[in-house]
Amino acid sequence: ALEPDMMNRALQQCGGGYILCMLNQDGTQILYSPPEGMSINQCLDDLEEVDRLADQIISDLLTETMTQRERAEKLFSYVTETVRYDPRYSTDFEHMPYTSRTALGALRDGVAICGGYSNAVKLLFEKAGIRCYNVTGISLNQNHMWNIALLDELWLWFDATAGRGSSMQY
């Protein structure tokens with residue numbers, strides 16, 4: 001029942017930053033495309049690796065007795081305290097690895113730009129049972145990505161890039 005534009009927006013949430021999913025021109029098929037220079041198998045391997053990493057982080061940080069808000073706070077703090085911003089975004093973009101845009105860069109390498117931060121938060125929150133989406137837009141005159149998540153029946157904004165180096169700034 002979704003209009004093609006809304007379907008394309010929904011498809012942007014798929015693929016973990018590795019696989020671009022979108023409708024074909026007439027809206028009758030979903031197209032899948034890996035980033036330039038990667039094969040679909042490389043993308044799937046990286047998605048599997050980041051999935052394992054996220055499971056380990058969830059296992060290490062969360063307990064069964066934590067509330068949804070406590071889980072969100074713990075995971076958001078983990079990302080903002082352990083991931084550093086990749087300075088190559090503004091100084092040497094051509095040599096910045098693609099992983100800096102993904103949850104794998106954030107969770108495996110500890111280095112990311114906003115897409116990596118946002119994809120990591122989304123993956124961790126979803127694994128913790130928290131409804132979460134990536135949001136794209138403009139911040140400080142630059143393209144930016146952050147999250148919106150549903151906690152205790154309230155939609156809250158989470159910007160791990162802006163909160164990096166600290167905790168609890170959502």
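**Exercise 1.** Which residue takes a positive phi near 50° in the hairpin of β6 and β7?

*Solution.* Bear in mind that you're looking at a predicted model. Start with the strands: β6 covers residues 142-151, and β7 covers residues 154-158. They run antiparallel and are joined by five bridges. At the hairpin end, L151 stands opposite L154 in β7. Now look at the turn: two residues lie between the strands, and D152 takes the positive phi near 50°.

**Exercise 2.** Find the strand that pairs with β6 through eight bridges, and check the turn that links the two.

*Solution.* That strand is β5, residues 132-139, which runs antiparallel to β6. To trace one pairing, pick N134: its bridge partner in β6 is N147. Next, go to the turn. β5 and β6 form a hairpin with two residues between them. L140 sits in this loop, and so does N141. L140 has a positive phi of about 50° without being a glycine. N141 isn't a glycine either, yet its phi is positive, about 65°. Why is that worth a second look? Because most residues other than glycine have a negative phi.

**Exercise 3.** Decide whether L140 and N141 are buried or exposed, then work out how enclosed β6 is.

*Solution.* Exposed means over 50% relative accessible area. L140 comes in at 79%, so it is exposed. N141 has 76%, so it is exposed too. For β6, the cut-off for buried is under 20%. Seven of the 10 residues in β6 are buried, so the strand is largely enclosed by the rest of the structure.

Note on methods:
Residues are numbered from 1 along each chain as its sequence is written. This is a predicted model: local features need pLDDT of at least 70, side-chain atom pairs count only at pLDDT 80 or more; totals for chains, interfaces and linings use all residues. Side-chain values use heavy atoms; hydrogens and water are left out. Buried means under 20% relative accessible area, exposed over 50%, partly exposed in between (1.4 Å probe, protein chains only). Helices (H or I, at least four residues) and strands (E, at least two) are DSSP runs, numbered from the N terminus. Two strands pair if DSSP finds at least two bridges between them.
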